[in-house]
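Colleague: Could you take me through one part of this model in close detail, and then set that part against the rest of the chain? I'd like the charged side chains and their surroundings above all.

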Amino acid sequence: MRRVVYMYVVLPLPCESRDVVCDKPSAQVDEKSQNPSWKALDYCGQDPDFKKQKQEKMNSEQSNYEEFSDKEDEHMHGPLYKGVITLKQPQKVLFDKLRKLGFPISKQNLKKRISSSSSNSPSFTIECDAVVVGSGSGGGVIAGVLANAGHKVLVLEKGSYLARTNLSLLEGPSMDQMYLGHGLLMTKDMDVFLLAGSTVGGGSTINWSASIDTPSHVLKDWCDIYELEMFQSESYKEALRIVREKMGVQEGLVDEEGFHNMILRKGCEELGYPLENIPRNAPPSHYCGWCNMGCKDGRKKGTNETWLVDLVKSGNGAIIQECEAIEVIIKNTTRSNKAIGVACEFQHDHQGVIIKETFMVKSKVTIVACGALSTPSLLKRSGLKNPNIGKNLHLHPVVFAWGHFPRDSTDRVKNNNYEVWPEADKKSYEGGIMSVMCKIVANFEESGYGAVIQTPALHPGMFSVVMPWISGLDIKTRMCKYSRTAHIFALARDKGSGEAISPYSVSYKMDQIDEQNLKVGLEKLLRILAAAGAEEIGTHHGTGRKLKVKESSVDEFEKFVKEESSREFKNLSVPICSAHQMGSCRMGVDPKTSVVNPKGETWEVEDLFIGDTSVFPTALGVNPMVTVQAISYCTAQNVLQLLNTKKVMN
């Protein structure tokens, strides 16, 4: 039953070989950051280069007598270390740091707090020009733009700052520390597995580096159908150019392609399917398969390496980590409702007791950028009543197929041909996560609704989650083939939609067209893997069927492909995944059908803006990082105009 498979990452996962018998899950580690099953999986755990960096850091920490330069500090701790504030420190230290950064702070009188009718009366208040809730590809951009323009900006982030050598690059700890819901979110019916970032930099810190412009047919839809003229404007084109430049987007070939991408490229070339190199916010030499756990050297340019750096270096901003926004504070008048700040909560240890404490950030403008799963619940907790909040949620549903490419290919040995492809030293978890994609079923030139074919990052724990469970012996066998098993996936631009009441209460219904597009995508995936030379192929359907390609006739192959790509996606039979959530507070020209106006400001509350993927009018159909940054850049210009107006009026 598929329900068991989804729990499998936290259940004992034995993996046997001639050398190893292990009773630990493949994502867990011991006190030395090792796992005995990794030998059987041919998996190294942490990036070997990263281990050297960690050792350098340990050695430097032991040499306290020597002062380090800013450049060396940045290498060790990341470029935001001077601007990230933790609330788990003595209040005097906290207040002094905030005041030095230019943020007025006041502590509420204890007697007044005790006598207050509210049990959540804030213990202190910080003042700023703009408060941004969330630090990802939306919030990070807006915060950087406003701070660079001279405004005092405070960023509130639920997650932690884990930069460079502070990363773990271990799957279990990384999922726990850097993903919303510890990486185990699902829709209410358990049909769709959801991945979303929850760390400083948000999804841009843990994504797979694809940096694709907003497709032209999507821009046309948003302009013509949804009457949002911005998307066909010169200002939006300029925003795209600026964010690409900021991220250092590279559009050419990578120096060395990773395992999955090699196979996708070869399979498509053999079949004559169209191929495109994926623009990435990393240099061509960036050969790293761990970027879904953070970038060890900062060469992948998420907001934690770009816009948030601008915020910190400007001297006008700070990032408060590990605090959660409870509600937007709204001042109600007879004429209007205005956002005046955010109430937040954090936890700290006081003499062994965990205490929850609240504080308030008072601001001229408030920007909510928590992501499409979390922004709706914050707005609802704040008293907003717009019925569109949380609705129209799109997920970019994804389905996978796999192919095994052993090092000791049987037919090659029989023919005394020991040349193996991909090369024997290539492993599935190494190399750039995304460098090529195929649009054979994308329908970009027709309806605009189809599926693109790309490659994932799959380390052992997640690999075990999506692989079907047939028996203990079967999963051991599959896991022991892990390092030479390629995965490719089909990602649909979905017409279907759902609702995000909260990140832990998400409903979703796939449209029949979406399901059909994914079925066609699955058929292509299996053909690509076979054409690339896989000895064995299969999908993630619960039956666990697989085909020995080179031992099968053409008819047997065609029958297998047809049957596996025509199965229904229901009753948990096929794991459907989503790493892109959007549309839950969409932008529009009418408050009856949207949550924010074309400037990004909510219809209900003045001075309250939304700056994340939730404002997308529809599903995008490709990786959303560039698009959300471009929209947020445009929103930031509108916020700047508002702040300048307030300054003149004052």
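What follows is a walk through one group of charged residues, then a look at other spots in the chain.

Modeller: Happy to. Keep in mind that this is a predicted model. Let's start with helix H18, which covers residues 512-531 and holds Arg527.

Is Arg527 buried or exposed? Its relative accessibility is 19%, and since buried means under 20%, Arg527 counts as buried. Now for its company. Once you set aside the neighbours within four places in sequence, Arg527 touches Leu271, Tyr273, Phe557, Glu558 and Val561.

Next door in the discussion is Glu564, which sits in helix H19 (residues 554-564). What does Glu564 pair with? One partner is Arg545, and the two side chains form a salt bridge with an N to O distance of 3.2 Å. That pair ties together distant parts of the chain: Arg545 belongs to the loop between strand S20 (536-539) and strand S21 (546-548), and the two residues are 19 residues apart. Glu564 also makes a salt bridge with Arg567, where the closest N and O atoms are 2.9 Å apart.

How do these partners sit relative to the surface? Glu564 has a relative accessible area of 2%, so it is buried. Arg545 comes out at 31% relative accessibility and therefore counts as partly exposed. Arg567, at 21%, counts as partly exposed too. There is also a network here: Glu523, Lys524, Arg527 and Glu558 are joined by salt bridges that share partners. Glu558 was already in the list of Arg527 contacts, so that residue turns up in both views.

For scale, a search of the whole structure gives 33 salt bridges. Another one of them links the side chains of Arg299 and Asp297, at 3.3 Å from N to O. Arg299 has 30% relative accessibility, so it counts as partly exposed. Asp297 is partly exposed as well, because its relative accessible area is 27%.

Charge also shows up on the surface without salt bridges. Which residues make up the patch of positive charge? They are Lys331, Arg335, Lys338 and Lys362, gathered on the surface. Of these, Lys331 lies in strand S11, residues 324-332.

For a contrast with the surface, try Thr366 in strand S13 (residues 353-368). Its relative accessibility is 0%, so Thr366 counts as buried. Its C-alpha atom is 6.2 Å from that of Val132, although the two residues are 234 residues apart along the chain. Leaving out neighbours within four places in sequence, the contacts of Thr366 include Val131, Val328, Ala339, Ile340, Gly341 and Val342. Asp607, Leu608 and Phe609 are also among them.

Contacts across long stretches of sequence show up in the totals as well. Among contacts in the chain with a separation of 6 or more, 72% are between residues 24 or more positions apart. The chain has 650 residues, and 60% of them count as buried. Its secondary structure comes to 20 helices and 23 strands. The accessible surface is about 26900 Å², with 50% of that belonging to carbon and sulfur atoms.

Before you leave the model, have a look at the backbone in a few loops. The peptide bond from Trp421 to Pro422 is cis, with omega near -10°. Pro422 is in the loop between helix H15 (410-414) and strand S15 (436-441).

Where does Ser209 lie? You'll find it in the loop between helix H9 (203-206) and helix H10 (216-224). Its phi is near 80°, a positive value in a residue other than glycine. Ser209 counts as buried, because its relative accessibility is 5%.

Asn443 also has a positive phi, about 60°, and is not a glycine. Its loop runs between S15 and strand S16 (451-454). Asn443 has 27% relative accessibility and so counts as partly exposed.

If you go back to the charged part with all that in view, I'd begin with Glu564: buried, and bridged to both Arg545 and Arg567. From there, move on to Arg527, which is buried in turn and belongs to the network with Glu523, Lys524 and Glu558.

Definitions and conventions:
Residues numbered from 1 in each chain as written. Predicted model: local features only at pLDDT ≥ 70, side-chain atom pairs only at ≥ 80, totals over all residues. Heavy atoms only, no water. Patch = residues over 30% accessible without salt bridge, like charges linked within 9 Å, V, L, I, M, F, W, Y side chains within 5 Å. Areas by Shrake-Rupley, 256 points an atom, 1.4 Å probe, with all protein chains shown as cover. Salt bridge = Lys/Arg side-chain N within 4 Å of Asp/Glu carboxyl O. Lys, Arg positive; Asp, Glu negative; His and termini not counted. Charge placed at Lys NZ, Arg CZ, Asp CG, Glu CD. Helix = DSSP H or I, 4+ residues; strand = E, 2+ residues; numbered from the N terminus. Buried < 20%, exposed > 50% of the residue type's maximum accessible area, 1.4 Å probe, protein only. Contact = heavy atoms within 4.5 Å.
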